Amino acid sequence: MHIHENISLRPYNTFGIDAEARYFAGFADVDELEEALSFKPGTPHLILGGGSNILFTQDFDGLILKNEIKGIIELHEDSEYVYVKAGAGENWHRFVLNCIKRNWSGIENLSLIPGNVGASPMQNIGAYGVEMEDVFWDLEAYHIQEKKMFTFTKADCGFGYRESVFKRKYKDQFVILNVTFQLRKKPRFITSYGAIEQELERMGVKDLSIKAISDAVIRIRSSKLPDPAEIGNAGSFFKNPSVSAEQFKNLKAKFENIVGYPNADGSVKLATGWLIEQCGPENGTSWKGYRKGDVGCYTKQALVLVNYGNVSGKEIYELSEKILLSVKNRFGVLLEREVNVI
Ligand code: FAD
Ligand code: EPU
């Protein structure tokens, strides 16, 4: 384990922000993690995965620890499920493809989400009708202060929409080391969400398979989300907020095309992309496709803020403030950022 000094974080975040870390180290196991944590007591720490859900608005005057714990192990199986443990430093999409190859079902709808396995429980990643909690079994995490390992079951994690205890109650306290998933041996196809069925039809799929679902999801995502290798971004910048049925009715009366999806509890989840698209820097303009210098709001998906070149994290954040304010003024709805702002 080597501690680097004054490192540019540009290659380590998908926004491509050129902030600097005072110290930076990778760790491939718990021993290396403990060694790194003992460096200069009192130094602040930040655990980093693939950097695909983080916005650096300033340099980090502490030690960034990049989780590089690898390994995919089939632990055991029962009549219905196989239990698969993956190191936190495994790339998420490669893990998904690996499971598909072995015909383990459950995470094919989560194809092409950037980042690493270790961050997947942080915000309970979700897409196309599946959330990570649907296949989560347990995880092992290291408590930085207590210097001890803990096991978290699903109930311990407090999963919600883009939420977990690691994002709130236990923020910055634990390092997730590995996650165990409960995957189906006999696939259960989830195709009802979004444009999956149309895409499968367009692809001419006759025999449905988890590989076909994964391919369809990849095609849909590639058509609307920017590839961070080409345009810096962190996916959805904000969450989709929920409002009461009553509030939705009132909004609908004023804005008849407003997009909302009913939640199980009767509330309605609004499509933030739609809300943002209806607002803009000036009256009669739209944020969607907005660009000033190299900072912008993506042309095909208004929920995604982008770095077209070499903008600072502050510029992205300032744009997000303006968007947040205009949505609040127009719809009376307060957006919440999904991206972790540093
Ligand atoms: P990072 O950005 O490195 O870290 C995110 C947070 O988790 C930070 O606070 C970090 O400190 C913490 N963290 C990371 N690893 C650990 C660990 N091992 N232990 C403790 N804390 C840790 N998300 C979705 O849910 N659904 C989507 O459909 C989706 N689509 C996306 C599309 C694009 C193009 C992009 C760029 C992002 C998208 N995202 C999506 C967001 C992002 O990919 C996920 O949130 C992903 O899980 C982040 O993983 P990461 O390893 O990059 O995390
Ligand atoms: N819409 C617009 N204009 C836009 C974008 C969207 O009007 O510019 C409306 C359309 O009506 C569209 C609807 O919003 O049908 C939903 O859009 P989309 O299917 O693209 O999904 P989303 O709600 O914008 C969410 C997640 C994504 C996830 C997709 C698919 C959040 C915050 N975002 O986006 O997750 O991939 O659904 O399940 O929940 C992420 O978290 O980073 C992320 C990309």
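## Getting your bearings

Strands here are DSSP runs of E at least two residues long, and helices are runs of H or I at least four long, both numbered from the N terminus. With that in hand, we can place glutamine 145: look in the loop that links S10 to strand S11 (148-153). One thing to keep in mind as you look around is that this is a predicted model.

Is glutamine 145 buried or exposed? Its relative accessible area is 66%, and anything over 50% counts as exposed, so glutamine 145 is exposed. Glutamine 145 also has a partner to look for in space: glutamine 173 sits 28 residues away along the chain, yet the two C-alpha atoms are separated by 7.3 Å.

## Ligand 1 and its shell

Let's turn to ligand 1. It is surrounded by 33 residues, and the closest are Ile47, Gly49, Gly50, Ser52 and Arg221. Sorted by character, this shell has 16 nonpolar residues, 15 polar ones and 2 charged ones.

Oxygen atoms of ligand 1 turn up in several polar contacts. One is 2.6 Å from a side-chain N or O atom of serine 52. Glutamine 123 offers a side-chain N or O atom at 2.9 Å from a ligand oxygen, and with proline 114 it is a polar backbone atom that lies 2.9 Å from an oxygen of the ligand. How much of ligand 1 does the protein cover? On its own the ligand has 970 Å² of accessible area, and the protein covers 94% of that. Strand S3 (45-48), strand S8 (126-127), strand S12 (174-184) and S13 each give two or more residues to this shell.

## Strands S3 and S12

Two of those strands deserve a closer look. In a regular strand the side chains alternate between the two faces of the sheet. S3 has one covered face, made of Leu46 and Leu48, and an uncovered face with His45 and Ile47. S3 runs parallel to strand S5 (residues 60-67), and 4 bridges join the pair. Leucine 46 has isoleucine 64 of S5 as its bridge partner.

S12 is mostly covered, with 10 of its 11 residues buried. Strand S7 (residues 81-87) runs antiparallel to S12 and is joined to it by 7 bridges; lysine 85 has threonine 180 in S12 as its bridge partner. Strand S10 (residues 136-143) is also antiparallel to S12, again with 7 bridges, and here leucine 139 stands opposite valine 179 of S12.

## Arginine 162, in the loop before S12

Now hop to the loop between helix H3 (154-157) and S12, which is where you'll find arginine 162. Why does arginine 162 count as buried? Its relative accessible area is 15%, and buried means under 20%, so it qualifies. The side chain of arginine 162 also reaches the backbone oxygen of glycine 126, at 3.2 Å.

## Ligand 2, between two domains

Ligand 2 has 23 residues around it, and the closest are Tyr128, Tyr161, Glu277, Gln301 and Glu338. The shell splits into 11 nonpolar, 5 polar and 7 charged residues. Because domain 2 (72-224) and domain 3 (232-341) both give residues to this shell, ligand 2 lies between them.

Which elements each supply at least two residues to the shell around ligand 2? They are helix H5 (210-224), strand S13 (232-236) and helix H7 (272-278), with H7 giving the most, 3 residues.

As for polar contacts, glutamate 338 has a polar side-chain atom 2.8 Å from an oxygen of ligand 2. Lysine 288 has a side-chain N or O atom 3.0 Å from an oxygen of the ligand, while a nitrogen atom of ligand 2 is 3.5 Å from a polar backbone atom of glycine 273. Taken alone, ligand 2 exposes 820 Å², of which the protein buries 82%.

## The sheet that holds S13

S13 supplies residues to the shells of ligand 1 and ligand 2, and you can also trace it in a sheet. This is an open sheet of 4 strands in the order S13-S19-S18-S17, with antiparallel pairing. S13 and strand S17 (291-292) are at the edges with a single partner strand each, so each has one side without a neighbour in the sheet.

For S13, look across to strand S19 (residues 304-307): the two run antiparallel and are joined by 3 bridges. Glycine 232, for instance, has asparagine 307 in S19 as its bridge partner.

Methods:
Residues numbered from 1 in each chain as written. Chains lettered and ligands numbered in written order. Predicted model: local features only at pLDDT ≥ 70, side-chain atom pairs only at ≥ 80, totals over all residues. Heavy atoms only, no water. Near = heavy atom within 4 Å. Polar contact = N/O pair within 3.5 Å; in protein donor to acceptor, adjacent residues only side chain to side chain. Areas by Shrake-Rupley, 256 points an atom, 1.4 Å probe, with all protein chains shown as cover. Nonpolar A, V, L, I, M, F, W, Y, C, P; charged D, E, K, R; others polar. Domains from an automatic or database assignment. Buried < 20%, exposed > 50% of the residue type's maximum accessible area, 1.4 Å probe, protein only. Pairing = 2+ DSSP bridges.
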